[in-house]
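User: I am new to this structure and would like a close look at one part of it, the packing of its interior. Please start with the chain as a whole, then go inward, and explain the reasoning where a cut-off matters.

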Amino acid sequence: MEEVSAALAQMQPDLICHICLDYINDPVTIDCGHSFCDSCIRMSWKDLQDTIPCPVCRQSRQEIRVSANAQLGRLVDLAMLLQSSGSSEMARAEKGRCEEHRQGVSLFCEDDQKLVCSLCAQGPAHQGHHIRSLAEAAAHHRQRLSGCIESLKKQLAEVQKRDVAQDRNLLQLRADVEKHRSRLASEYEQLTQFVEHLRRDVAERSMMSEEMVLRGVRGLQQRLAGLQPPTVQPLRFSLPPLCSALNSIIRRFRERISLDPNTAHPSLRMSQDLQSVTCVRKRSKGDGDPESCDDTTQLVLLGREGFASGRHYWEVQVGAKPEWAVGVCSVAPSAQASRSLEAPKRCWTLQLLDGDYLSVGTAAVPLALRDQPVAIGVYLDWELGQLSFYNAADRSHLHSFTEPFAEELKPYFRVGPDCAPLSVDSGRAEEG
């Protein structure tokens with residue numbers, strides 16, 4: 001029996017699907033040699049167009065090619081049969097007796113997570129405890145374990161999606177670098193040709209008479225003085241932190257943000273602890289109707305804290321508000337801001353406006369978000385020049401700005417005309 005168990009343990013890693021973490025069902029093998037359930041690999045590649053990576057080795061391919069692996073299927077069937085047989089033998093071997101009363105254990109104490117006999121269950125050690133029959137307890141815990149497996153599968157699928165997205169970012173990064181290199185090479189080729197032309201011109205003039213040399217020397221010197229090599233612009237490429245790295249960033253760089261009443265629009269009211277703000281329209285002195293606010297982009301305020309170095313993370317609860325904006329700004333928002341989506345000078349935001357999600361920096365760019373976020377995580381790396389936004393619920397990346405920051409930045413908020421509050425999370429920075 002032990003030999004069978006050892007052989008089964010040695011075989012199992014090759015018979016488990018890396019996607020669902022269960023025995024491979026309808027096994028197929030892809031061209032890099034790794035095998036998966038047919039349904040799992042096709043689901044993993046669903047909606048992918050440009051490149052299709054292997055979930056294990058990340059080797060990319062341009063098209064989907066899978067081959068049925070009947071031999072592996074037979075091995076899986078054999079392993080499942082051996083495991084079932086081994087489990088039955090083990091169950092018969094392990095059906096023991098209570099050491100104290102020498103009776104067969106037939107009950108399970110949920111409080112102590114322990115097998116007990118009927119006399120143990122009636123004793124003082126288990127008085128008031130939740131006691132189940134073995135069948136009932138086993139069914140309950142199988143259901144719990146099954147739920148855990150489903151949760152892990154969903155987490156694994158989410159990680160794989162983010163991994164694919166990061167692969168796409170890397171491909172785009174390589175393409176941008178190659179484009180930059182090609183442009184630079186073209187500029188240097190033009191410069192080389194120009195220098196060679198000037199060199200021939202200088203050589204020819206050196207053979208001319210004194211009068212001819214002096215007659216054209218002024219123009220030649222001006223051409224030489226104006227000769228400038230191409231400007232090499234530094235590449236500023238960076239990728240936003242993924243989920244695992246973001247969790248570490250949150251622990252180390254989380255900030256307690258408070259709202260600044262001195263920057264708030266008159267129609268905004270803040271909580272006493274300066275952690276929440278609501279739009280409350282003033283009453284006019286005439287007919288008692290609420291004062292109108294035609295331009296809702298005026299309903300803005302800043303945070304008290306300013307950042308001119310370092311890394312910082314904070315979260316903003318936007319709930320189900322139909323309009324809001326979150327980000328950073330280097331200057332106080334203008335009371336004369338227009339409804340044209342033009343942000344104040346040096347301001348970068350993620351916002352919801354007229355039902356559309358937008359990133360607004362130097363221009364407004366529409367965003368296609370998969371889910372409606374109710375809490376926004378904001379991560380600022382001042383030295384790197386990166387501002388990233390996340391869905392705080394699942395840590396998924398929403399958008400990033402890359403800018404050469406040169407001034408102090410403050411948290412920026414636009415509240416919207418509805419009466420629902422916008423709140424900053426009261427979480428404090430933790431020691432790393």
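Analyst: Accessible areas here come from the Shrake-Rupley method with a 1.4 Å probe, and for residues only the protein chains shown count as cover. On that basis the protein chain exposes about 26100 Å², of which carbon and sulfur atoms supply 52%. The model is a predicted one, and every value below is computed from it. Of the 432 residues in the chain, 35% are buried. The chain holds 7 helices and 21 strands, and among its contacts between residues at least 6 apart in sequence, 60% join residues at least 24 apart.

With that background, the interior can be taken up directly. The largest nonpolar core has 33 residues, and those with the most contacts inside this core are Trp314, Val316, Trp324, Ile376, Leu387, Phe389 and Phe413. Several strands give two or more residues to this core, among them β12 (311–317), β13 (324–329), β14 (347–353), β17 (375–381), β18 (386–391) and β19 (396–402). Apart from this core lies another, of 20 residues, which includes Cys37, Cys40, Cys54 and Val76.

Trp314 shows how one residue of the larger core is surrounded. Leaving out residues up to four places away in sequence, Trp314 touches Glu255, Ile257, Phe307, Gly327, Val328, Ile376, Gly377, Val378, Leu380 and Pro411. One of these partners, Ile376, is itself listed with Trp314 among the residues that have the most contacts inside the core.

Ile376 also leads to Leu398, a residue of strand β19. With its neighbours within four places in sequence set aside, Leu398 is in contact with Leu350, Leu369, Pro373, Ile376, Phe389, Tyr390 and Asn391. Is Leu398 buried or exposed? Its relative accessible area is 15%, and because buried means under 20%, Leu398 counts as buried. Between Leu398 and Gly377 the C-alpha to C-alpha distance is 9.5 Å, although the two are 21 residues apart in sequence.

Leu350, one of the contacts of Leu398, brings in the neighbouring strands. The bridge partner of Leu350 in β15 is Ser359, and β14 and β15 run antiparallel, joined by 5 bridges. These two strands form a hairpin with 2 residues between them, where Asp354 in the turn has a positive phi of about 55 degrees. Strand β15 (residues 356–360) is mostly covered, with 4 of its 5 residues buried. On from there, β15 is joined by 4 bridges to strand β16 (residues 364–367), again in an antiparallel run, and Val360 has Ala364 of β16 as its bridge partner. β15 and β16 also form a hairpin, this time with 3 residues between them. Strands of a sheet pair through backbone hydrogen bonds, either parallel or antiparallel.

The other core, with its cysteines, raises a separate point: how many disulfides does the structure hold? It holds 0. Cys37 is a case worth following, since the closest cysteine sulfur to its own, in Cys20, is 3.8 Å away. A disulfide requires sulfur atoms within 2.5 Å, so this separation is too far for a bond. Cys37 is buried all the same, with a relative accessible area of 3%, and Cys279 likewise counts as buried, at 7% relative accessibility.

The strand pattern around Cys37 completes the picture. An open sheet of 3 strands has the order β2-β1-β5, with antiparallel pairing. Its edges are β2 (35–37) and β5 (66–68), and each has a single partner strand, so one side of each is left without a neighbour in the sheet. From one strand to the next the twist averages 40 degrees. Strand β1 (residues 27–30) is joined to β5 by 3 bridges, with Val28 standing opposite Ala68 in β5.

In short, the close look has followed the core of 33 residues through Trp314 and Ile376, passed by way of the contacts of Leu398 to the hairpin of β14 and β15, and ended with the separate core of 20 residues that includes Cys37.

Methods
Residues are numbered from 1 along each chain as its sequence is written. This is a predicted model: local features need pLDDT of at least 70, side-chain atom pairs count only at pLDDT 80 or more; totals for chains, interfaces and linings use all residues. Side-chain values use heavy atoms; hydrogens and water are left out. Buried means under 20% relative accessible area, exposed over 50%, partly exposed in between (1.4 Å probe, protein chains only). Contact means heavy atoms within 4.5 Å. A nonpolar core is a set of buried Ala, Val, Leu, Ile, Met, Phe, Trp, Tyr and Cys residues joined through side-chain atoms within 4.5 Å. Two strands pair if DSSP finds at least two bridges between them. Axes are lines fitted to C-alpha atoms, for helices over the stretch in contact, and angles run from 0 to 180 degrees between N-to-C directions.
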